[in-house]
Amino acid sequence: MTADTGRRAWLAAGVVFFSGFGALQIASLAGLGDDSLPGLHTFRSATVGDGILLPLLAFCLVRSSPQIRTWRRAERWAVATAGVLGLLGGAATQISWLANPDPRLNWTLPAPGTFNAAGWYHAAFLTGACGFFAAATTAAIVTLRRRAHLVRSPRVVAVLGLTFTFVALLAEDNAGRGSALAAVTVAVGTLAVTAVAVLVWATGVGSWRWCVAATVVAAVPAVSLSLLFLPGSSNSGVAVMCAVCAALGGAFVASVHDVRTAEARTVVVACAAVTAAGPVAAVSASPSVTIPALASGCLLALAVVTVEVRLLGAMWRRREVTLWRVLWASVAAAPITLLGLASRYFAQEPRLVNPYAAVAGVVAALLFLAVSALAVRMTFDEVVAAEEKNVPQGELGALKWRAYLAIIAMYTGALISCAASLVGTSTPDKWIAGSHAGLTSLAVPALLLAAGLVVMLLVPAAGVVAPVSCLAWTVVMALALADGYGDTKQLVLSVVIAVVAALFVWEGLVSNVGYLHNTPVDLRLVAVAACAALAVGSTVAWMTGPALWSASEVVSLPVSFAGLALGVAACISLPWCAARTLPGARPARSYTLAGPLGGTLQDCFIAILLCVSVAWAPNMYMAHLADAASWWSTVLPFLALLSAAYVYVMKNNIGHVQRERRRVAGLAGDAPVPADQQRALKGLATHVRRQNVLALVALVPLGFFLLFNEITGFDRNGLKQILAVGADQPHS
């Protein structure tokens with residue numbers, strides 16, 4: 001894809017979004033429609049479809065058809081003719097709406113044969129969109145006729161999946177309450193048969209297997225996503241968290257794929273996540289649930305995500321995606337979904353909480369530690385083995401991507417399933433729901449963060465841009481901290497972790513962009529690192545403080561998770577963007593396997609894992625539970641469940657120095673290790689030792705490092721190895 005094609009793809013997506021959903025959203029907020037009739041947000045195809053699916057489809061279609069100007073005249077005429085026919089078809093649908101004597105009235109069609117102002121605008125947009133998508137689809141088909149092998153590409157799966165999903169949502173919008181699933185199945189099935197025929201015509205009969213596979217792979221997540229929006233579904237918090245846990249489990253299963261391109265990674269993660277979420281959402285969002293129904297939903301999710309990921313592996317000829325490997329990943333992801341579904345049942349049957357909720361929690365924790373955590377460790381072990389073998393950077397990068405996808409998906413899923421368990425099993429007298437009022441206030445910081453990142457990315461060479469942007473964000477967070485803390489214990493824990501996180505990020509920038517690669521640590525580097533550290537420290541103080549529980553109110557769980565997402569985005573993106581503006585971001589020679597920017601990103605990830613484990617989650621529980629006994633009974637199992645993920649990463653950090661020494665010695669052979677390489681190794685040992693000291697300080701307030709020493713993997717060497725980084729250590 002050329003840069004020009006990429007710009008045109010982004011432009012097409014932006015035009016479709018702002019002229020479609022964006023304009024109609026403004027019209028709805030301005031009151032241009034009839035409020036007594038079904039509004040914009042009543043229709044799935046008008047919100048999820050126009051707001052998400054169609055812009056993504058426009059992006060994928062334009063990206064799939066570069067250099068149309070170089071095509072033969074007949075091919076260009078085919079695209080133009082399709083566009084005209086699309087315009088005529090779109091106009092015909094609007095005429096049919098006006099001519100219908102008994103239409104389904106809505107906010108843009110207030111009476112038979114009558115569009116209001118928003119209705120006429122929507123008619124114009126729909127007509128234009130039909131013309132554009134008809135032309136763009138024809139161009140994509142012409143591209144397939146020219147390059148038949150692309151039928152197995154992620155782009156084709158993305159285009160088909162987005163199209164099928166939009167049609168599925170249209171079918172749901174026009175179906176009755178009891179026939180939505182049947183309507184979706186018929187609509188997607190009919191379109192899938194048509195798609196197979198078109199693909200076979202475009203690529204040749206010899207490719208029919210790949211055409212069928214691509215269609216099936218796209219149709220399964222489309223039907224699954226429609227299950228998230230079935231009419232009559234419950235939107236309770238526990239039901240939503242169950243679906244999110246299932247989606248994260250699907251993302252974990254996708255980590256078996258050793259794909260190297262961004263588009264392939266996006267497609268496999270999105271398909272697996274949506275495929276797993278649909279069946280779980282359908283059963284958990286039912287007005288009334290039973291244990292057999294919940295179990296069936298979980299098993300169906302495991303089955304379809306296994307098929308989906310395996311089919312993608314077959315299409316892309318990924319030898320590592322074996323059936324048994326995918327099955328193992330699916331089973332490993334099951335505990336987080338099961339805990340969420342159990343919480344949904346307890347929320348409906350509160351009388352069963354006392355005798356059975358504790359048993360369910362213990363079983364889930366044991367399954368997570370014995371199965372899920374083991375699967376994550378096995379993924380990280382592959383990274384360690386690859387580092388010791390000194391594999392090429394491309395292969396190592398792919399393994400690291402898989403490992404971090406696995407731990408992020410599993411860790412976040414465990415966190416949300418624990419929150420679902422907390423909500424589902426807490427009685428009203430012990431649970432504080434909190435306020436939703438703070439959700440709109442997050443919009444301003446989010447926009448300011450986005451603006452700062454855009455400036456830092458567009459002006460990478462300006463020396464003052466990075467520190468000024470980080471300091472500006474620090475001021476934003478300082479103003480947010482004026483809301484105060486809800487409790488002294490929360491304040492102490494939040495401030496301690498904020499200071500540790502700031503020092504952790506400062507050390508990460510100074511080392512990765514400085515002395516790890518023998519780059520001088522000058523005043524500019526120190527200043528930029530200090531500004532990034534202030535931004536991260538203030539963000540963590542806000543994220544674990546007023547964003548959860550201010551002096552005036554407790555914040556609800558949805559708003560708390562939204563604040564967490566904003567805080568994580570800031571803590572990862574600001575240091576990384578700041579690091580890339582420094583000369584040391586691109587050293588003449590890289591002395592470690594991870595480059596400066598990759599190492600900075602990895603350190604920010606570890607810092608976030610520490611903050612969430614040690615401060616955010618305990619403070620969140622403290623805010624919502626009314627008494628200390630309930631808090632301790634919740635926090636201790638949580639720490640047992642999630643500490644394995646964090647401390648395993650730290651254990652990998654501890655062995656990193658020795659692996660690097662062995663790697664460098666192996667490259668040198670019989671010759672002595674050069675002096676500059678020795679300086680870099682000494683700097684790496686200093687870097688890891690400093691990080692481990694900071695980690696130990698952070699773990700002290702709750703003491704869970706001592707409580708779960710055996711579980712977390714520090715094994716026989718105990719706490720002493722956290723400081724003995726520079727010395728040879730026995731293997732555990």
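What span should the 19 residues of helix H7 (residues 208-226) have at 1.5 Å a residue, and how far apart are its end C-alpha atoms? In this predicted model, the expected span of H7 is 27 Å, and its end C-alpha atoms are 27 Å apart, so the two values agree. The buried residues of H7 are Cys 211, Ala 213, Ala 214, Thr 215, Val 217, Ala 218, Ala 219, Pro 221, Ala 222, Ser 224, Leu 225 and Ser 226. The elements that cover these buried residues include helices H5 (154-173), H6 (180-203), H9 (262-284) and H10 (291-315).

Helix H12 (residues 353-389) packs with helix H13 (residues 393-425) at an angle of about 170°, and the two axes are 9 Å apart. Because angles over 145 degrees count as roughly antiparallel, H12 is roughly antiparallel to H13. On the H12 side, the contact residues include Val 353, Ala 357, Phe 368, Val 376, Phe 380 and Val 383. Those of H13 include Leu 396, Leu 399, Ala 403, Tyr 404, Ile 407 and Met 410. By class, the contact of H12 with H13 comprises 15 nonpolar, 4 polar and 4 charged residues. Glu 382 and Glu 387 in H12, and Lys 400 and Arg 402 in H13, are among the residues listed for this contact.

Val 568 is located in helix H18 (residues 557-580). Its relative accessible area is 22%, so Val 568 is partly exposed. With neighbours within four places in sequence left aside, Val 568 is in contact with Met 543 and Ile 608. Val 568 and Cys 604 are separated by 36 residues in sequence, and their C-alpha atoms are 9.3 Å apart in space.

Definitions and conventions
Residues numbered from 1 in each chain as written. Predicted model: local features only at pLDDT ≥ 70, side-chain atom pairs only at ≥ 80, totals over all residues. Heavy atoms only, no water. Axes fitted to C-alpha atoms, helices over the stretch in contact; angles between N-to-C directions. Helix = DSSP H or I, 4+ residues; strand = E, 2+ residues; numbered from the N terminus. Parallel < 35°, antiparallel > 145°, perpendicular 65-115°, else oblique. Contact = heavy atoms within 4.5 Å. Nonpolar A, V, L, I, M, F, W, Y, C, P; charged D, E, K, R; others polar. Expected span 1.5 Å × (residues − 1). Buried < 20%, exposed > 50% of the residue type's maximum accessible area, 1.4 Å probe, protein only.
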